[in-house]
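Here's a protein model to look at together, one chain at a time. Have the picture open and follow along as we go.

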Amino acid sequence: MTEFDVAGVGVWSEHFSSWEQFCSVLAGDVSPEPCALKPETIPANERRRAPLSVKMAVEVMDQACRSAGLEPAGLATVFASVYGDIQITDYMCRTLASAPRAVSPTKFHNSVHNASTGYWSMATQAHGPANAISAYSCSASMALLEGAVQAVEEGIPVLVAMQEMASLTAFKPIYDTEQALSTALVLVPPGSCASAFATVRLATSGDSHDYPDLPATADIDWSDNFAAKMLPFLQVLATPGESRLHMPLSAHSSMSLDVTVHGAAEQARA
Amino acid sequence: MRIAIGTYTATSAAGIGLAAMWESLSARRTGLRRNDIDGCDLDTWIGRVDGVEDVSLPSQLTHLQSRNNQLAWLGLQQDGMLESLTRLKDQIGAERIGVIMGTSTSSIGRTEEAYTQLLPSGFMSEAFRQPQVHNLHSPGHFVAEATGLAGPSMTVSTACSSSAKVFASASRWINHGLVDAVLVGGIDSLCMSILYGFNSLELVSANMCRPFDRRRDGINIGEGAGYAILAREDLLPDARFRLLGYGESADAYHMSHPHPEGKGAVMAMGQALERAGLSPDDIDYVNLHGTASQANDRIEAQALAQTFTGHTQASSTKAWAGHALGAAGILEAVTTLEAMTHGMMPGTLNCDEPEPDSAYAVLTDNVERPIRHAMSNSFGFGGNNAALVFGQAHD
């Protein structure tokens with residue numbers, strides 16, 4: 001049994017760019033305008049070089065820290081994604097197939113899976129542990145589990161980000177989604193943070209469970225987007241009272257999450 | 001923290017399995033060779049593992065075909081690793097054993113190959129439609145499938161610190177009681193992304209790499225696969241070594257250049273010592289990141305000088321197998337454990353003219369001396385740092 005609190009939350013897609021807007025979408029409203037992405041945490045000169053994957057991550061990590069009322073420099077980070085920056089992967093593979101010596105050094109160093117935590121640490125002067133993980137279809141579950149275990153074992157707040165970009169043509173036979181989605185949570189040891197608004201009791205078991213059905217988010221079709229597997233948990237966080245959900249850890253194991261929401265997440269943006 | 005280390009193994013250009021690796025280290029014989037990769041015209045040296053392309057995956061794993069997974073499978077065959085895992089599964093159950101693999105580039109080599117054969121539609125052709133291969137979790141997924149371990153499985157990808165950080169996550173999982181044991185490891189294989197990518201940053205040497213030598217002029221790319229069983233102490237009464245501490249930090253400085261004063265490196269080493277409850281002079285030997293890039297070696301020496309007093313010996317073993325990136329952490333952790341086993345510190349190969357301005361003198365010749373406590377350093381792009389401290393189990 002692992003008990004932890006949730007103190008902050010952040011979310012971005014082309015259809016919502018704040019927790020408040022996400023809650024509106026859950027209620028059936030969709031923003032008429034595509035949501036721009038311009039995370040101001042990254043200095044302007046770095047922002048020009050930062051790839052889309054990094055901007056997606058930093059936007060929600062910043063939202064989650066503001067929502068928790070915590071200085072970003074004091075948090076450990078766990079970034080999770082199945083495909084990382086699929087645009088850079090596509091660029092690298094295309095360039096290597098045609099003119100390998102033309103590979104851009106900036107694109108190459110931005111291709112590491114931990115680029116988002118790298119830019120985040122530079123922007124916030126966070127010197128703490130920075131992890132970048134993947135667990136294919138169980139990535140959303142493992143991001144939560146890894147972050148929760150780290151928060152409890154180390155006694156520190158952990159910023160957990162999970163995201164996936166829209167797919168590109170070459171990948172579509174194996175991974176098909178038109179939607180990009182990034183999410184972030186601040187997980188803290190129980191009772192350690194005044195802004196905590198939910199308590200979670202997590203237990204693993206040998207029971208087989210798939211992810212819960214995705215919440216109705218108007219007409220948005222998440223298709224294969226693995227980050228959308230985090231949305232049922234976010235929906236629970238937007239629902240006062242007690243809820244239980246299951247998330248898979250493998251084909252033969254899962255975790256149950258008993259969530260008590262005793263407040264509302266602070267708005268990330270005033 | 002007290003985590004027991006059971007069976008461990010390493011496969012790299014320095015040798016397939018521990019015996020071959022130790023023979024290379026003892027004889028000071030490099031495994032590096034001139035670049036001979038098909039389709040790569042770079043003038044450099046590489047650490048290539050012989051015969052990887054000829055490794056056949058078991059029939060139930062052929063859908064996971066990639067060079068990276070072939071190397072992973074070759075590495076799993078060595079030093080009785082699969083037999084040890086079978087015994088541990090019988091003892092505690094497969095679901096109580098987790099899998100955490102480190103990698104920098106996963107099976108990107110397979111994706112590169114797919115892009116040379118795209119259909120007119122732009123889609124990957126049929127033969128390459130392997131959803132569990134073309135993503136970051138390919139190594140973790142493959143190893144879990146290949147070993148039948150059924151606990152939580154995850155892949156860490158933080159560039160060149162990846163398979164050092166797996167020790168930190170595994171320690172937390174075991175201490176927390178999430179699982180009783182974890183197979184940790186790392187796999188990275190030679191691919192075009194890495195060779196041409198490091199070439200674009202002008203970090204690849206046309207010569208054999210020369211860590212901490214005044215003439216050093218860049219890195220050699222290598223490949224490797226390594227594994228170690230970590231478990232609760234009571235499960236491995238015969239374990240010879242323990243993981244005593246780990247440190248994880250971020251430079252918060254630059255994507256591809258280390259912090260000029262080695263701030264993150266100093267933090268990681270300091271945290272690892274603190275967790276181990278040891279003072280700097282307790283560490284007999286440090287296996288360095290020591291890539292032979294101008295910046296890494298200069299700054300790592302500065303970080304050592306800020307952490308250690310000169311009593312502690314330190315060396316880089318990169319000139320035996322090259323820089324295996326996401327697999328470097330596990331390869332060098334295993335090298336450190338073997339140094340402790342044999343009571344021999346491998347002196348930095350190819351460091352014939354040590355950097356006169358180095359802030360910390362590194363060992364250049366093999367020295368026979370008992371090692372009670374040792375450290376292994378791994379630093380990566382994104383300013384991502386990890387340090388591990390190991391000790392003798394029956395100390």
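## A walk through chain B

Let's start with a small piece: strand β4 (residues 45-47) of chain B pairs with β8(B) in the parallel sense, over two bridges. Strands count as paired if DSSP finds at least two bridges between them. One of those bridges puts B:Gly47 together with its partner B:Gly222 in β8(B).

Some ground rules. This is a predicted model, where local features need pLDDT of at least 70 and side-chain atom pairs count only at pLDDT 80 or more, while totals for chains, interfaces and linings use all residues. Residues are numbered from 1 along each chain as its sequence is written, and chains are lettered from A and ligands numbered from 1 in the order in which they are written.

**The sheet around β4**

β4(B) belongs to an open sheet of three strands, in the order β3-β4-β8 (chain B), with mixed pairing. At the edges stand β3 (33-34) and β8 (221-222) of chain B, each with a single partner strand, so one side of each is left without a neighbour in the sheet.

**The whole chain**

Zooming out, chain B has 11 helices and 16 strands. Helices (H or I, at least four residues) and strands (E, at least two) are DSSP runs, numbered from the N terminus. The C-alpha trace spans about 60 × 50 × 40 Å along the principal axes of chain B.

Why call chain B compact? Its radius of gyration is 20 Å, which agrees with the value near 21 Å for a compact globule of 395 residues. The radius is taken over C-alpha atoms, and the globule rule is 2.2 Å times the number of residues to the power 0.38.

Of the 395 residues in chain B, 66% are buried. A residue is buried if 20 or more other C-beta atoms, placed from the backbone, lie within 10 Å of its own; 12 or fewer makes it exposed, and in between it is partly exposed. Then there are contacts, meaning two residues whose C-beta atoms, placed from the backbone, lie within 7 Å. Among contacts in chain B between residues at least 6 apart in sequence, 79% join residues at least 24 apart.

**Strand β1 and its partners**

In β1(B), residues 3-12, 10 of the 10 residues are buried. Here is who this strand pairs with:

| Partner of β1(B) | Sense | Bridges | One bridge pair |
|---|---|---|---|
| β10(B) | antiparallel | three | B:Ile5 with B:Phe241 |
| β9(B), residues 224-232 | antiparallel | eight | B:Ile5 with B:Leu230 |
| β2(B), residues 15-16 | antiparallel | two | B:Thr11 with B:Ile16 |

The link from β1(B) to β2(B) is a hairpin through two residues.

**Two covered helices**

Helix α5(B), residues 138-147, has nine of its 10 residues buried, among them B:His141, B:Phe142 and B:Val143. Their cover includes α2 (67-76), α3 (81-92), β5 (97-102), β6 (153-156) and β7 (181-188) of chain B. Just after α5(B) comes B:Gly148, with a positive phi of about 75 degrees.

In α7(B), nine of the nine residues are buried, including B:Met192, B:Tyr196 and B:Phe198. Which chains supply the cover? It includes α4 (86-98) and α5 (105-110) of chain A, together with α4 and β8 of chain B. Just after α7(B), B:Glu202 takes a positive phi of about 60 degrees.

**Where helices cross**

Two packed helices are described by the angle between their axes and the distance between the axes. For α6(B) and α11(B), residues 328-342, the angle is about 75 degrees and the axes are 5 Å apart. The axes are lines fitted to C-alpha atoms over the stretch in contact, and angles run from 0 to 180 degrees between N-to-C directions. The two helices α6(B) and α11(B) are therefore roughly perpendicular (65 to 115 degrees; under 35 is roughly parallel, over 145 roughly antiparallel and the rest oblique). Residues making the contact include B:Phe167 of α6(B) and B:Ile330 of α11(B).

**Meeting chain A**

On chain B, 53 residues are in contact with 57 residues of chain A. The largest share of the chain B side, six residues, comes from α6(B). By class, that side has 22 nonpolar, 25 polar and six charged residues. Here Ala, Val, Leu, Ile, Met, Phe, Trp, Tyr, Cys and Pro count as nonpolar, Asp, Glu, Lys and Arg as charged, and the others, Gly among them, as polar.

Strands pair across the chains too: two bridges join β3(A), residues 130-134, to β6(B), and these strands run antiparallel. In this pairing, A:Ile133 stands opposite B:Val156.
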